[in-house]
Amino acid sequence: MKKRIIDLRDKVPILDIVSYGRGGKSLTPAQKEHIALTVRRVPEVMVKVSGGARTVAGVERHMDYIGREGRLGLEADTGEHLDGKGFERHLTEDWDLDLEAHERQTERSIRGRKPPKLVHNIIFSMPPGTPSDKVLRAVRKFALNEWQLKHRYAMALHTDDDHPHVHVVVKSMSEQGKRLNIKKATLRAWRQQFAANLRELGVAANATERAVRGETRTHRSDGAWRAVNREGSTLIQERERRILRECGEGRPTIGAGEEKLKNTRDAVLDGWQGLSARLEADGDYELGSRIDSFVAQMPPAKTEKRLLIERSRAATRTR
């Protein structure tokens, strides 16, 4: 599986420590606040597009799943709570998804391409311990500001695991006929707004890229995540055996992913160090010192492959 490592040279991160550390105008209070939230390791929000559906049946299956087959139901953009048997059919009919699906299917079949998604499935999540009612209120406010009178949507709060999270189904085509395209910049903006909404409710929340925080965990698709966590996954076991076999035979184990990860970490360290020096030059010694402590506590930048090899060697020494 190809790793996707955040590369600060290819896009502007939410917390642009590289630009902040170059000098020029003084940092704004908002920029300093974001830096302080990050170095204090305030809990990070998560906003993730978990997929979508191209058919009405697919939309209804997902609504039925997040609505717990009608037992939990969904909160509609009208404020109405829909539950019970067949609640998902009421929503798809109200959103005119059957008409749109027919039009799009006909249009795309002529061109020989897949029909576009009828809806986007999005998850808003917070770490364990966050009040679930405030997570829901923050998502409600976000949805009102972002989609009200434009894209139809419905949501459900789930509290059946440690991370309180809200599933949101958003109709791709707006009432004005404009399609919702979710890009990386879109998700960055959504994370910032979600975090701001939580802070207004008194919940400590932040939105910063993993690489800037010194984390090296890479993003996985839903399918890849389930494969890794599935007990007895033959795909994962075979991959681990292959890596350890190559290591035992003395073959090179450093790949392009590890080199890219190192380059990203170097850029992050340079950015933080430049920012610390700039703040101290401006007389903000406390925040500069916090940055130095934050950088000193960053874990080493290692890929999953490198961690697997190190764990294997440690186990061998123990035996």
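This tour visits a series of selections in a predicted model, moving from the whole chain to its core, its helix pairs and several individual residues.

**The whole chain**

Begin with the full protein in cartoon representation, coloured by secondary structure. The protein has 13 helices and six strands. Of its 319 residues, 42% are buried. Among contacts with a separation of 6 or more, 72% join residues that are 24 or more positions apart.

**The largest nonpolar core**

Select F124, W147, V168 and F194 next, and display their side chains. These are the residues with the most contacts inside the largest nonpolar core, a set of 26 residues. To see where that core is drawn from, colour β4 (119–125), α6, β5 (153–158), β6 (165–171) and α7, the elements that each give two or more residues to it. The greatest contribution to this core is that of α6, with seven residues.

Now centre the view on F124. Which residues is F124 in contact with, once its neighbours within four places in sequence are left aside? They are M46, V47, V135, V139, F142, W147, P164, H165, V166, V168 and F194. Three of the other residues with the most contacts inside the core, W147, V168 and F194, are thus found again in the surroundings of F124.

**Helices α6 and α7**

Keep the core in view and select residues 132–147 and 184–200, which form α6 and α7 respectively. Their axes come within 9 Å and cross at roughly 130 degrees; the two helices are therefore oblique to each other. The crossing is right-handed. On the α6 side, show K134, V135, A138, V139, K141, F142, E146 and W147, which meet W190, Q193, F194, N197, L198 and E200 of α7. By class, this contact comprises eight nonpolar, two polar and four charged residues.

While α7 is selected, pick out A196, which also lies in this helix. A196 has a relative accessibility of 22% and therefore counts as partly exposed. A distance label drawn from its C-alpha atom to that of A207, eleven residues apart along the chain, should read 8.8 Å.

**Helices α3 and α4**

Move to residues 56–66, helix α3. Which residues of α3 are buried? V56, G58, V59, E60, H62, M63 and I66 are. Just after the helix, inspect the backbone of R68, whose phi is positive, near 50 degrees.

Add residues 87–94, helix α4, to the selection. The axes of α3 and α4 are 9 Å apart, and the helices pack at an angle of about 135 degrees. That angle makes α3 oblique to α4. Here too the crossing is right-handed. The side chains to display are V56, V59, E60, M63 and D64 from α3, together with F87, E88, R89, L91 and T92 from α4. This contact includes five nonpolar, one polar and four charged residues.

From α4, follow the chain to D96, in the loop between α4 and α5 (97–111). D96 is not a glycine, yet its phi is positive, at about 60 degrees. With a relative accessible area of 41%, D96 is partly exposed. As background to this stop, most residues other than glycine have a negative phi.

**Helices α2 and α12**

Select α2 and residues 285–296, helix α12. The axes of this pair come within 10 Å and cross at roughly 35 degrees. Is the crossing left-handed or right-handed? The crossing of α2 and α12 is left-handed. K32, I35, A36, T38 and V39 in α2 meet L287, R290, I291 and F294 in α12. Sorted by class, the contact has six nonpolar, one polar and two charged residues.

Continue from α2 (29–39) into the loop that leads to β1 (46–53), and stop at R41. R41, although not a glycine, has a positive phi of about 60 degrees. Its relative accessibility is 40%, so R41 counts as partly exposed.

**A last stop on helix α11**

Finish by selecting residues 256–281, helix α11, and highlighting N263 within it. N263 counts as partly exposed because its relative accessibility is 30%. Label the distance between the C-alpha atoms of N263 and A301: these residues are 38 apart along the chain, and the separation is 9.9 Å.

Methods
Residues numbered from 1 in each chain as written. Predicted model: local features only at pLDDT ≥ 70, side-chain atom pairs only at ≥ 80, totals over all residues. Heavy atoms only, no water. Axes fitted to C-alpha atoms, helices over the stretch in contact; angles between N-to-C directions. Helix = DSSP H or I, 4+ residues; strand = E, 2+ residues; numbered from the N terminus. Parallel < 35°, antiparallel > 145°, perpendicular 65-115°, else oblique. Left-handed = near helix turned anticlockwise from the far one by under 90°. Contact = heavy atoms within 4.5 Å. Nonpolar A, V, L, I, M, F, W, Y, C, P; charged D, E, K, R; others polar. Buried < 20%, exposed > 50% of the residue type's maximum accessible area, 1.4 Å probe, protein only. Core = buried A, V, L, I, M, F, W, Y, C linked by side-chain atoms within 4.5 Å.
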